[in-house]
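Biologist: I would like to learn how to read a structure feature by feature, with the general idea first and the case in hand after it. Could we go through one together, slowly?

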Amino acid sequence: MKPKFFHPWSYEYNKAYERGRKNKWDYLRFWAKDHNLSLSAQLRLEWIIFYQTVGKKCAKDTADHFGISRKTFHKWLGRFDEANLKTLEEHSRAPKRKRDWMVTHQEEDSIISLRQQNMEFGKRKLRRIYFREHGVWISTWKIERVIRKHHLYPDPVKHDKQVEKRADSKPKVRISEIKDQIKQIKEFGFLWHIDAIIIWWYGQRRIIFTALEEITKIAFARIYKSNTSGYAEDFLKRLMYLVEGKVDLMHSDNGSEFKGDFEKACVKLNIFQIYSRPYTPKDNPALERFNSTIQHEWLDYSEVGLDDILEANLDLTQWLIKYNSYRPHEALDLDTPLEYADKIFFNKVLPMWPARTGTCSP
């Protein structure tokens with residue numbers, strides 16, 4: 001049979017406690033379990049019990065024992081009420097006053113009408129047209145809320161699939177979030193930056209995939225006819241061959257070429273992907289500069305051009321040898337990338353020497 005149990009602040013409880021049937025803390029533990037307090041609340045009760053008994057009312061010893069901060073412990077100690085153990089439950093952090101709809105019926109009807117007539121326009125264009133027709137500026141947030149409420153999308157089915165896909169996708173790690181940690185690691189190949197340059201060459205689409213090592217500025221590039229994830233995977237494998245697998249982190253933008261086959265290859269090769277923030281080129285300034293250099297110092301002077309991809313890659317490889325082993329870099333105190341790598345890593349960086357680079361070209 002379930003034992004008879006009295007509420008902690010009831011008259012019967014006090015009488016039972018006075019008769020010494022059980023100590024106070026055992027009663028409180030039993031009440032917490034019997035009344036389905038959350039596990040986190042029961043754990044906080046254990047903090048209090050330890051503090052009052054074994055800890056001898058020392059907050060420091062209690063916090064150290066449970067691996068929490070003293071600030072956290074004092075917060076719950078202050079909330080604790082022996083007569084109401086539910087004070088150990090986490091309070092809702094939702095704001096007490098929430099924003100109302102704040103769109104009038106007239107505004108809502110006008111936005112619906114405007115959107116239905118111009119399904120191809122975004123909220124900023126609709127805002128301008130709204131001002132033109134009604135003489136009043138309205139926020140883009142109001143327009144977006146009305147569109148969401150009434151599901152006013154050009155293709156609602158496609159939109160729902162995109163929302164579902166975004167909800168299922170894992171959150172991306174942005175380079176801006178781990179920049180401080182990256183600066184502390186001085187190891188060749190720990191971080192590589194990768195990008196794709198799209199060039200229209202006399203009516204033909206050409207893609208130059210580029211990669212740059214974070215510390216030494218050693219660069220690699222290769223030309224393809226398209227920027228699919230399959231070509232990005234091929235580029236990654238060639239890079240891995242050249243640097244003998246010295247790639248730990250791969251930083252890219254949010255382009256589709258760095259998903260699909262490229263993502264699978266990164267998982268297989270044990271490479272962790274990090275990303276730039278959307279529409280933020282300054283998250284990858286060194287590679288953006290290299291992308292400009294490869295066009296101005298190689299393509300503008302190349303006699304081969306991009307007509308034939310095989311010939312273009314051979315010509316590009318010769319330029320990369322010059323870039324990595326002959327061209328002084330101001331960012332490296334006028335050393336070449338390979339000289340700088342040799343100086344910093346004591347002859348540990350050998351894969352990208354000219355003789356090896358040439359073997360990977362065709």
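Biologist: To begin with the rings, to how many aromatic pairs does the count come here?

Modeller: Please keep in mind throughout that this is a predicted model. A pair of aromatic rings is described by the distance of the centres and the angle of the planes. By a rule of that kind, the count in this model comes to 16 aromatic pairs. In one of them, the rings of F131 and W137 have centres 4.1 Å apart and planes at 5°, so the pair is stacked. F131 counts as partly exposed at 30% relative accessibility, and W137 is partly exposed as well, with a relative accessible area of 41%.

Biologist: How are the rings of F290 and W319 arranged, and how far apart are their centres?

Modeller: Their centres lie 6.1 Å apart and their planes stand at 35°, so this pair is called tilted. F290 belongs to helix α13 (residues 285-299) and W319 to helix α14, so the pair ties together parts that are 29 residues apart in sequence. F290 counts as buried at 2% relative accessibility, and W319 is buried too, with a relative accessible area of 9%. There is also an aromatic cluster, formed by F209, F220, Y224, Y231, F235, F258 and F262.

Biologist: Which residues does T293 touch, once those up to four places away in sequence are set aside?

Modeller: T293 has its place in helix α13, and it touches W298, W319, Y323 and R327. T293 counts as buried, because its relative accessibility of 6% falls under the cut-off of 20%.

Biologist: Turning to strands, in what order do they form the sheet?

Modeller: One reads a sheet by following which strand lies beside which. Here 5 strands form an open sheet in the order β3-β2-β1-β4-β5, and the pairing is mixed. β3 (219-224) and β5 (272-275) stand at the edges with a single partner strand each, so one side of each is left without a neighbour in the sheet. From one strand to the next, the twist averages 25°.

Biologist: Do the pairs β2 with β3 and β4 with β5 run parallel or antiparallel?

Modeller: β2 and β3 run antiparallel and are joined by 6 bridges, with A219 in β3 as the bridge partner of L212. The hairpin of these two strands has 5 residues between them, and there K217 takes a positive phi near 65°. Strand β4 (residues 249-252), by contrast, pairs with β5 in the parallel sense over 4 bridges, and H251 stands opposite I274 in β5.

Biologist: Are the two faces of the edge strand β3 covered or open?

Modeller: Both faces of β3 are covered, since A219, A221 and I223 on one side and F220, R222 and Y224 on the other are all buried. Counted along the strand, 6 of its 6 residues are buried.

Biologist: Which strands does helix α12 lie across, and at what angle does it run to β5?

Modeller: Helix α12 (residues 261-268) lies across β1 (191-201), β4 and β5, and it runs at about 135° to β5. Helix α14 (residues 309-325) also packs on the sheet, where it touches β2 (204-213) and β3, and its direction makes about 170° with that of β3. In the loop between α12 and β5 sits N270, which is exposed, with a relative accessible area of 67%. N270 and L249 are 21 residues apart in sequence, while their C-alpha atoms are 9.2 Å apart in space.

Biologist: What should I look for along a helix such as α14, and which of its residues are buried?

Modeller: An α-helix has 3.6 residues a turn, so residues three or four places apart point the same way. In α14 the buried residues are A312, N313, L316, T317, W319, L320, I321, Y323 and N324. The helix has 17 residues and reaches 24 Å from its first C-alpha to its last, close to the 24 Å expected at 1.5 Å a residue. At its start, a side-chain oxygen of D308 comes to within 3.0 Å of the backbone nitrogen of L310.

Biologist: How would helix α11 read by the same steps, and which residue just after it takes a positive phi?

Modeller: Helix α11 (residues 229-242) has 14 residues and reaches 20 Å between its first and last C-alpha, close to the 20 Å expected at 1.5 Å a residue. Its buried residues include A232, F235, L236, L239 and M240. Just after α11, E244 takes a positive phi of about 55°.

Methods:
Residues numbered from 1 in each chain as written. Predicted model: local features only at pLDDT ≥ 70, side-chain atom pairs only at ≥ 80, totals over all residues. Heavy atoms only, no water. Pairing = 2+ DSSP bridges. Axes fitted to C-alpha atoms, helices over the stretch in contact; angles between N-to-C directions. Contact = heavy atoms within 4.5 Å. Expected span 1.5 Å × (residues − 1). Buried < 20%, exposed > 50% of the residue type's maximum accessible area, 1.4 Å probe, protein only. Polar contact = N/O pair within 3.5 Å; in protein donor to acceptor, adjacent residues only side chain to side chain. Phe/Tyr/Trp six-rings, centres within 6.5 Å; stacked < 30°, edge-to-face > 60°.
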